[in-house]
Amino acid sequence: MRRWLAVARTPVGAASAVLLLLLAGLALFAPLLWGEQAGAIDTDALQQGSSAAHPLGTDALGRDILHRVLVATRLTIGLALLATVVGVGTGVVLGALPAVLPRWAGRVVTAAVNIAVAFPGLLLALFFAVVFGTGTTGAVLAIAFALAPSFARLTQTLTASVSGRSYIAAARVSGVGRFRVLVRHVLPNVAEPLVINATLAAGSALTAFAGLSFLGIGVQAPSYDWGRLLGEGLNRIYVSPAPALGPAVAVVVAGLAFNLFGEAAAAVLGHRPPPVRRGRPAPAPSTVDDVADEGVLTVRNLRVSFPGPDGWVTPVRGVSFAVREAEVVGVVGESGSGKSLTALAVSRLVEHPGVVTADRLEFLGKPVEGTPDRELGTSLAMVFQDPMTSFNPTRRIGSQLAEVSEQHQGMSRKDAWQRAADRLESVRVPGQRAKQYPHEFSGGMRQRAMIAMGLMGDPRLVIADEPTTALDVTVQREVLRLLGRIRDERSTAVLLISHDISVVQRTCDRVLVMYAGRIVEELPTAELFTAARHPYTTALLAAVPTLETDRDQPLAVIPGRPPEPAEVVAGCPFAPRCPLADDRCRAEEPVLTAVEAGHRVSCWRVEEQQRSALAESAGSRGGTT
Amino acid sequence: MSELRFESVSVHYGHRRTGHLAVDDVSLTVPSGKVVGLVGESGSGKSTLASTAVGLVDATSGTISLDGVDVRRLRRRDRGLQMVFQDPYSSLDPRMSIGESIAEAMPRGTDRRAEVARLLELVHLDPDRATALPARLSGGQRQRVALARALAGRPEVVIADEITSALDVSVQGAVLNLVRDLQRRLGLSMLFISHDLAVVRYVSDRIAVMRGGRIVEEGEADQVLARPRHDYTRELLEAY
């Protein structure tokens, strides 16, 4: 309900809702208020044009047309709605039947609907009008049955998409009958698009009905609707246009009101993005005290913000790190930690309306912001998670690889193809497979081809975002080894993003642990299991089951859940889940501080320990001398 | 107590000759009160096998029996066989409160309100949340609700199909602990499917390894892990 109110708050939604209310008011009250005037015959004023007494003129019996148009609202709208209800109802039943009927009967219904959909609606309406005979009932049924096939099709499509969800499977496994599944699980979940489309259909039912009445096969005298009034007025439109224009305008306005409301509802309920707020997110002071040193990639105080319903949301909040030449750096974190957004921001792939800010964001010593596409395209390579969707399925692998060199390095098609075959060889894909299409490659091979695509230029940095997550464990290894080999052979730097600590541990020299949009710890991989200090890092390491985990003990867990980007409050974001948290942790956010060379931690408690350890060693040293 | 037994089950998708053989002559027994872990990579037929047991997919040949009775002869509600699905975000009806979702699977004549409260408590969720919609719950919490729903049908055998693979590591542990605890307390027989060998090892008494629609190795968990006989099992173990 609240979402429908949101529809009425958009400009188009509000305007059309007001119009609809106006029409509803007219439909209810006009016959009561003006019913008498609309029927009053005045033999002194036959067939008059527009005048002060009769703004829209009078008809053949001297009745006032304005009043007749207003009074006809009830019949016109009522019949249109009736036809819509009957049509949508029939359509939904037809569309839902295949889900309940035995398979063969379902096929028959589907086939019938498919055939009916092929005919234009108005043609069907005319056909049914002839079958049912002229008159109001006939017209209602004609328009209803003309609407039904498209609704049946829509219901079928929506039902099919919902039926694939596992809650339907779960209900079936629990022994819930087909009919109950349909009524309780399927229909409520497809209702919204159906209602939106029904609103749109009401608009077209209204115009179609006016059309039938205009042609004389709809409402019959003495009843009258806008279509009939239009038909009567049209006969003398060249003499006096007002009697025809009045009902015409009414039809157009009412039709528009229904259609616009449907469109507005579709826009709001269909989750189209809300209009972007003006302005930019508030700049944040740099919270990093140490200097992330120079490298192939230098990032300082990187922030990524998105406009949300209640102001800017910042899923990446001040990230600083560097990647040096020939170094493999891993970024680990759970979903929502900001690791993938960091990678996207570095490669300039954060899309509008996202805003990226940084004190420094430099690649090969130059700001990423100003680097031309061509340069970025050849010196920075990106490997994504899903090898199924990162290639165009309609083009050969080789030509997709060659395109990189044609575009960015200005190579001829032949040279580029040669290079593509060569690069494929270098990731152990036989060169002749360049002629094949993506679907002829296995998942692991496709991911290797993706890496080969990155190697078409001469990349100084490869950013791999969950490159092995969609792959099986046995295939994972070869992809990771390949990344390692590229580093060894070409001294390319690699930034590897993964949720899986074991992947990072196997491949990387250095690890960045992210939590709630921040780096909470940075340390050499070799020390990950021995010297990790941040409570989140140690908890995460303990929570991963391995082949050595004691099966008689419960697994270590981290209570609670990570904060959503919009919920980040003052203090350390991990404090609510941290066994060591004290008042300071809850009040003040810690800063990423070096505890040793190459090891930075963002934790007050670690800092305290560090300080007391230093004091102790200083004290003991003082004691011995 | 119940024993779930697959006997030479094959599942064919599509045409008999040109189609795809997803499960190829699989025989597997889940002994009463034990957990059998089924590992294998994507496309190896693990999930198809599970779907066959609960009747979401029809076996082309072979039989599946529960304590010696062909499951196809039993009505779904009386089968005592339930399944928990992989994706916590699509396994609960977004328009139904979690209490309603759980109550749906209950046998007729149960005191639904009390039973929902009991089950929510069993999976460590606050019974007052019975009226909440799934959208208000995190992935781990949803997966607990899915477990509660499976238990509402008073099953003796539960099939868990990759129930933690969509969860973050920090949440996965809690769900695995819960699964193990419930299995032991209720004496459930369980077929636990996962691509993650470490996870399977943690919960299972026996382990079966599936590849290309066939079970290539099956045995006591310790034995399979310590002395793998099939090359593929060795390869899997090496990946860790």
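In the next few minutes I will go through the sheet of chain B and then the side of chain A that touches chain B. Please keep in mind throughout that what we are looking at is a predicted model.

Let me begin with the sheet, which in chain B is an open one of 4 strands in the order S2-S1-S4-S5, with antiparallel pairing. The edge strands, each of which pairs on one side only, are S2, covering residues 20–30, and S5, covering 69–70, both of chain B. As general background, strands of a sheet pair through backbone hydrogen bonds, and they may do so in a parallel or an antiparallel way.

Going along the order, S2(B) and S1(B) are paired antiparallel over 7 bridges, and within this pairing Phe6(B) has Leu28(B) in S2(B) as its bridge partner. S1(B) is also joined to S4(B), again antiparallel, by 5 bridges, where Ser10(B) is matched with Ser61(B) of S4(B). Finally, S4(B), which spans residues 61–66, pairs with S5(B) in the antiparallel sense over 2 bridges, and here Leu66(B) has Val69(B) as its bridge partner. Packed on this sheet is helix H1 of chain B, residues 46–53, which touches S1, S2 and S4 of chain B and whose direction makes about 115° with that of S1(B).

Turning to the two chains together, 36 residues of chain A are in contact with 41 residues of chain B. Which helix gives the most to chain A's side? That is H7(A), with 7 residues, while the elements that give two or more residues also include H8, H16 and H19 of chain A. By class, this side of chain A has 18 nonpolar, 11 polar and 7 charged residues.

Key
Residues numbered from 1 in each chain as written. Chains lettered and ligands numbered in written order. Predicted model: local features only at pLDDT ≥ 70, side-chain atom pairs only at ≥ 80, totals over all residues. Pairing = 2+ DSSP bridges. Contact = placed C-beta atoms within 7 Å. Axes fitted to C-alpha atoms, helices over the stretch in contact; angles between N-to-C directions. Nonpolar A, V, L, I, M, F, W, Y, C, P; charged D, E, K, R; others polar.
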